[in-house]
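Me: I am new to this structure and would love a close look at one small part of it, with its surroundings explained along the way. Could you walk me through it in plain words?

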Amino acid sequence: MERMLLGQRAANIVLGPAGPVRLRTSMTLIPFVVFVLFAFVQHGEVLLGLIDLAESNWLTAFNLGGSAVFYLLVRTRLSERLSRDPFLTLPQILFPICSITWSYAITGPARGAVIAIMVVTIVFGMFALDPKMAPRLAMLAFTALVSVMAWRAATAPDRYPPVVESVHALFTAIVMGATAVVVIRIGRLRARLAEQKRDLSNALAINQELAARDPLTGLLNRRAMVELLAREHARSERGHGSLSIALLDIDRFKHVNDTLGHRTGDDVLRRFATVVQSQLRSVDGLARWGGEEFLLLMPGTSLDGALIVLDRLRAAIARGGFDAIAPALTITFSAGLVQPRKGEHQDEAIHRADRAMYQAKK
C-alpha cells in the first residue's frame, strides 16, 4: 500500500493531477524518451566514426533541452497562458523538423534513415492540427531537407555525393508527398467523425430534453417533476429553506372539451401553462401532472408566500386572454397547497395537496 501511495505521489509530481493536464504532460514525455533513445543511437554512430563527437553532443543538447522545455511548459500549465493550444502541437512539430534536419546535416553515411523519422513527425500532427496544415508541414520538411542536401553536397561532396543527394531529394519528395496525402485524408475523416459526434451529442441532448418535457405544453412531465421534487425535498429536509407544493386543476375542463372540442381543450392547456409559467421565478418548477392537473414546486417559499403566488396566478389566469381561443371563454382553477412535514415522504405530501385541491373544488 505504501509503495502504491509513493507511486501515486511520484506520478502526481511528474505528470500532474489526473485529467487533461496529465494526458498532455505524458504526451510531451514521449518525444523526450525518443530523443534519449536517439542520443544513444547517435553516440553509437560516434563510436563507429560516422558522426563527429562535438556535433553529436550539440545536437543531443538541443534535442533534450528543447523537449525538456516543452515538458515544463505543459506540466506547469504555462502553455495554457501562452497559447490557445495548451499542448503546443505546432511548435512541438516544428522543433523535431529542425532537429531531424540538423541530424541529416551531420549524420553522414547513415543519413537516409533520417528521412523516415521525418514522416513520423508529420503524422504526429494529424490528430491535432487542421488538415490544411499537413501539406504545409510536408512542404516545410521537404524544403528543409532538400536545402541541407544541396548545402552538404556543395560543401562536403566526399561525404554527401551530389548524385546520392539527388536520389535522396527525389525519395524525400515522394515520401513527403505521399505522407501529406495520407494525413489530409485521415484529417478529413477525423473532421467528419468529430462532426458526427457533435450531431449525436445534440441529438442525445434533444432526446433527453424531450424525455423530460410534456409534448403538449412544453412543461416538465411527471417523471421529471418527481426527480426535481426529490432533490428539492432532500434540500429542504437538510434545512436549506422551506418548500411549498401546489396542485392546480383547471375547473370544468371536461365541459370545455365536450362543448368546444379537444383541440380547443389543448389550446387552453397550452395557454394556461404559458400564463402560469410567466408568473414564476426561475427556481420554481411547473409540470403537467396529468390531464388538466399541474404541479407547482416553490423552493424557499413559506405557505404565506405561496398563497400570494397562487393569488397572483389566479389574477393572471383571469386576464389570460382565453377569449381569444373561444368567444367569452373564461378559465379558473382550484389549488391545493401544502408544505412537506418533517420526515414525510413526498408522495404523501402530494396526496395531501390533492385532497386539499378537491376540497377547494367543492
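Does leucine 88 count as buried or exposed, and at what relative accessibility?

Reply: Leucine 88 counts as buried, because its relative accessibility is 8% (buried means under 20% relative accessible area, exposed over 50% and partly exposed in between, with a 1.4 Å probe and protein chains only). Before we look around it, two notes on how to read the model. This is a predicted model, in which local features need pLDDT of at least 70 and side-chain atom pairs count only at pLDDT 80 or more, while totals for chains, interfaces and linings use all residues. Residues are numbered from 1 along each chain as its sequence is written, and side-chain values use heavy atoms, leaving out hydrogens and water.

Let us start with the spot itself. Leucine 88 sits in the loop between α4 and α5, where α5 covers 89-107 (helices are DSSP runs of H or I with at least four residues, strands are runs of E with at least two, and both are numbered from the N terminus). Its backbone deserves a second glance: phi is positive, about 55 degrees, although leucine 88 is not a glycine. Most residues other than glycine have a negative phi.

A little earlier in the chain, arginine 77 also has a positive phi, near 65 degrees, and it is not a glycine either. Arginine 77 belongs to the loop between α3 (53-75) and α4 (78-82). With a relative accessible area of 42%, arginine 77 is partly exposed, whereas leucine 88 is buried.

Now step into the helix that follows leucine 88. Glutamine 92 is found in helix α5, and its relative accessible area of 8% makes it buried. Leaving out residues up to four places away in sequence, glutamine 92 touches Thr28, Pro31, Phe70 and Phe87 (contact means heavy atoms within 4.5 Å). If you would like a sense of distance, take threonine 76: it is 16 residues from glutamine 92 along the chain, and their C-alpha atoms are separated by 16 Å.

Helix α5 also packs against other helices, beginning with α3. The angle between α3 and α5 is about 175 degrees, and their axes are 10 Å apart (axes are lines fitted to C-alpha atoms, for helices over the stretch in contact, and angles run from 0 to 180 degrees between N-to-C directions). That makes α3 roughly antiparallel to α5 (angles over 145 degrees count as roughly antiparallel, under 35 as roughly parallel, 65 to 115 as roughly perpendicular and the rest as oblique). On the α3 side, the contact is made by Glu55, Ser56, Trp58, Leu59, Phe62, Asn63, Gly66, Ser67 and Phe70. On the α5 side, Pro91, Gln92, Phe95, Cys98, Ser99, Trp102, Ser103 and Ile106 take part. So the glutamine we have just visited appears here as well, and Phe70 of α3 is one of the residues that glutamine 92 touches. By class, the residues of this contact divide into nine nonpolar, seven polar and one charged (Ala, Val, Leu, Ile, Met, Phe, Trp, Tyr, Cys and Pro count as nonpolar, Asp, Glu, Lys and Arg as charged, and the others, Gly among them, as polar).

Next comes α7, which covers residues 133-155. Helices α5 and α7 pack at an angle of about 20 degrees, with their axes 9 Å apart, and α5 is therefore roughly parallel to α7. From α5, the residues that meet α7 are Leu90, Ile93, Leu94, Ile97, Thr101, Tyr104 and Ala105. Their partners in α7 include Met133, Leu137, Leu140, Ala144, Val148, Met149 and Trp151. The contact of α5 with α7 has 15 nonpolar residues, one polar and one charged.

One last stop ties in another helix. Glutamate 165 lies in α8, which runs over residues 162-211. At 4% relative accessibility, glutamate 165 counts as buried. Apart from neighbours within four places in sequence, glutamate 165 is in contact with Tyr104, Arg111, Met149, Ala153 and Tyr160. Two of those names should ring a bell: Tyr104 of α5 and Met149 of α7 both take part in the contact between those helices.

To retrace the walk, begin at buried leucine 88, in the loop between α4 and α5. Then follow α5, which is roughly antiparallel to α3 and roughly parallel to α7.
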